[in-house]
Amino acid sequence: MLKVSRLLHPRHIRNQLLHKKLSGEDVKGSIWQNAINTFAAFSTVRQDVVADGKREGRVFAPYSVFKGKAALSAEPRLPTFNRLDSGGVKLNRRGVIMLTFWPSVGERKYDWEKRQLFALSATEVGSLISMGTRDSSEFFHDPSMLSSNAGQVRKSLSIKPNADGSGYFVSLSVVNNNLKTNDRFTVPVTTAEFAVMRTAFSFALPHIMGWDRFTNRPSESISQSPSKVVPQLMEAEWDR
């Protein structure tokens, strides 16, 4: 099993992820060096499940943008399903488009350990892909909303156009009053990069909703009993 514990070029890391089966822990602790401004790849993050419910393989293919002060990546997280006694399947947990931000810690160096996550729901994806060149979007997440702990941890994602129309600023703010931290990341995204995100998100939308199962019913992400649910591939938004 490959262990990433030294400074690596992003292209090198990407190739390792695409050709080896790595767990989420295998990429922790790496600070990426000599990053080009943008490298990109996109596909569904897939988990293959055999008859006994074990995972066979996973695909890592995020779309990533590296800029001067922070980096941004996006990838789909597929929904999970329960198998019913009747033989059908029922949606257990909806999928998302997971955005990951992590800061620059020097020239062309990025600290993966300080990453923050933001999970876009299907409706939020719809807002993003319908944006015009002068439109803005802003989303707020609070894991304790409508409870006495509301406001202790707040995440806000904003997407705002550049004044010259050359792209967008994608910003994430994470306020954690429990830990007394306030993290903010801003990644400028060109019109070309945003076009890739819009097209890729449009492609992924029916998959994160589970609607692709109506026409194509692979066994992936489906448990073999009503009470057993295949676990999520990678960390959820509120794990960070």
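This passage describes the confidence of a predicted model, the packing of two of its helices and an aromatic pair.

Residues are numbered from 1 along each chain as its sequence is written, and side-chain values use heavy atoms, with hydrogens and water left out. Because the model is predicted, local features need pLDDT of at least 70 and side-chain atom pairs count only at pLDDT 80 or more, whereas totals for chains, interfaces and linings use all residues.

The chain has a mean pLDDT (the predictor's confidence in each residue, from 0 to 100) of 76, and 67% of its residues reach 70 or more. Residues 1-10 stay under 50, with 30 contacts (heavy atoms within 4.5 Å) beyond four places in sequence in the model. Where pLDDT is low, the predicted coordinates should not be read in detail.

Helices H2 (residues 122-129) and H3 (residues 191-209), taken from DSSP runs (H or I, at least four residues, for helices; E, at least two, for strands), pack with their axes 10 Å apart at an angle of about 150 degrees. H2 is therefore roughly antiparallel to H3 (angles over 145 degrees, on a scale from 0 to 180 degrees between N-to-C directions, with axes fitted to C-alpha atoms over the stretch in contact). Ala122, Val125, Leu128 and Ile129 of H2 meet residues of H3 including Phe194, Arg198 and Met209.

Five aromatic pairs are counted (ring centres of Phe, Tyr and Trp, the last by its six-membered ring, within 6.5 Å). In one of them, Phe66 and Trp102 are edge-to-face (planes over 60 degrees apart), at 5.7 Å centre to centre and 85 degrees between the planes. This pair links distant parts of the chain, as Phe66 in strand E5 (residues 63-66) and Trp102 in strand E9 (residues 96-106) are 36 residues apart.

Key: Angles under 35 degrees count as roughly parallel, over 145 as roughly antiparallel, 65 to 115 as roughly perpendicular and the rest as oblique. Rings of Phe, Tyr and Trp (its six-membered ring) pair if their centres lie within 6.5 Å; planes under 30 degrees apart count as stacked, over 60 as edge-to-face and the rest as tilted.
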